[in-house]
Each structure stands twice: as C-alpha cells, then as structure tokens.
Amino acid sequence: MKHFLYYLIALAVCLPSASCSDAFVELPYAYDEISYRRGYNLDIPLDTVVYIESQTEFERLFAEEDTKPEANIPFSDGALAMVKGISGSGITDVQKELLQSGDRYRLSVRIYQNMTSVVETWYVAYVIPKEYVGKIDLDIEYIE
C-alpha cells in the first residue's frame, strides 16, 4: 500500500509535465485573425482561394497593413488558405464552413448583407494541412 501511494504521488507530480504540448494543433482550423471587420486591403485575387505557404509570404502579404494579424501559423505542417471578396451592400455577418470530401475540402462562405449601399471587403481564412494546398473547392453565396 505504501508503494502504491508513492507511485500515485509520483504520477500526480510528473503527469502535468508530460501533457500535450501547446505547439501541437490539429489541422484544419479557422484562422479568425483575418475577417471582414479587420479592415485589411490585401492585394490578392477576388473570389478565389489563395494559399500562403511560408512565414515570408505571410509577412510580405501584410507588409503594407497598419495592423498585422498574429503570425501563429504552423507553416511546417500547414498553409493558410484565404479568400477575399467584395460585397456590393453592407455586411451583417460572414459564415464559413470547411468540410472534407475525400481527398479535397469544400469551403462554403455565406455573406449576409443589409440594405445599406456600402461596398465592403470580406475575408475568410483557414489553416489547412500542406497536402491539401490546391485542393479546396469554393462556394460563395450572398444573402440579402
């Protein structure tokens, strides 16, 4: 019984240091540092998926921006998949969903518009596994 108690104490002391590392992140995940409310003016094509595959590319993309998003993307394992669009009306919400379908992903983006006559730019982004670069099908829907 005494030995069991020692093992239990040793386990309780050692277990927190053996837990999962904060550096491990399961991919894909939404990268919410970039959204339509941030006011970016990035020089990327409209209504297409753009892949950022390195820290250098990321820094170059945001070089001219006053406020830069956190660059906490694990580029060794993943890439940033980003879409830019322009709404001809004001935006009340942007919803996004990334679903795996076989060896591809489908990214669905829904832009909810209001009746104001304001042109607004929106962005959505996901961090995806490197092997899915170039394998995202995009679906954009504007809803009034």
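A salt bridge here is a side-chain nitrogen of Lys or Arg within 4 Å of a carboxyl oxygen of Asp or Glu. With that cut-off in hand, here are some close-up views of this predicted model.

**View 1. Lys96 and Asp32 meet in a salt bridge.** Let's start with the charged pairs, of which a search of the whole structure finds 3. In this one, the N to O distance between the side chains of Lys96 and Asp32 is 3.0 Å, which falls within the 4 Å limit. The pair links distant parts of the chain, 64 residues apart: Lys96 belongs to strand S4 (residues 91–101), while Asp32 sits in the loop between strand S1 (29–30) and strand S2 (49–52). Lys96 is partly exposed, at 28% relative accessibility, and Asp32 is partly exposed too, at 45%.

**View 2. Arg104 of strand S5 reaches Asp137 of strand S7.** The side chains of Arg104 and Asp137 form a salt bridge of 2.9 Å, N to O. Because Arg104 lies in S5 and Asp137 in S7 (residues 136–143), this contact ties together parts that are 33 residues apart in sequence. Arg104 has a relative accessible area of 29%, so this residue counts as partly exposed. Asp137 is likewise partly exposed, with a value of 28%.

**View 3. Arg110 and Glu141 meet twice, as bridge partners and as a salt bridge.** Move along to another S5–S7 pair, where the closest N and O atoms of Arg110 and Glu141 are 3.8 Å apart. Why does this pair tie together parts of the chain that are 31 residues apart in sequence? Arg110 lies in strand S5 and Glu141 in strand S7, so the salt bridge spans that separation. In the strand pairing, Glu141 of S7 is the bridge partner of Arg110. Arg110 is partly exposed at 28% relative accessible area, and Glu141 is partly exposed at 37%.

**View 4. Strands S4, S5 and S7 build an open sheet.** The 3 strands follow the order S4-S5-S7, with mixed pairing. Which strands form the edges? They are S4 and S7, each of which pairs on one side only. Neighbouring strands of this sheet are turned by 15 degrees against each other on average, direction ignored. S5 and S7 run in the parallel sense and share 8 bridges.

**View 5. Strand S6 is mostly covered and has S1 and S3 as pairing partners.** Of the 10 residues of S6, 8 are buried. Strand S3 (residues 78–87) pairs with S6 in the antiparallel sense over 10 bridges, and here Lys84 stands opposite Tyr123 in S6. S1 also pairs with S6 in the antiparallel sense, over 2 bridges. In that pairing, look for Tyr29, which stands opposite Val127 in S6.

**View 6. Leu46, Ile86 and Val119 form a nonpolar patch on the surface.** Together these residues offer about 270 Å² of accessible area. Val119 is found in the loop between strand S5 (104–113) and strand S6 (120–129). Is Val119 buried or exposed? Val119 has a relative accessible area of 62%, and because exposed means over 50%, Val119 counts as exposed.

Conventions. Residues are numbered from 1 along each chain as its sequence is written. This is a predicted model: local features need pLDDT of at least 70, side-chain atom pairs count only at pLDDT 80 or more; totals for chains, interfaces and linings use all residues. Side-chain values use heavy atoms; hydrogens and water are left out. Patches are made of residues with over 30% relative accessible area and no salt bridge: like charges are joined within 9 Å, nonpolar side chains (Val, Leu, Ile, Met, Phe, Trp, Tyr) within 5 Å. Accessible areas come from the Shrake-Rupley method with a 1.4 Å probe; for residues, only the protein chains shown count as cover. Helices (H or I, at least four residues) and strands (E, at least two) are DSSP runs, numbered from the N terminus. Buried means under 20% relative accessible area, exposed over 50%, partly exposed in between (1.4 Å probe, protein chains only). Two strands pair if DSSP finds at least two bridges between them. Axes are lines fitted to C-alpha atoms, for helices over the stretch in contact, and angles run from 0 to 180 degrees between N-to-C directions.
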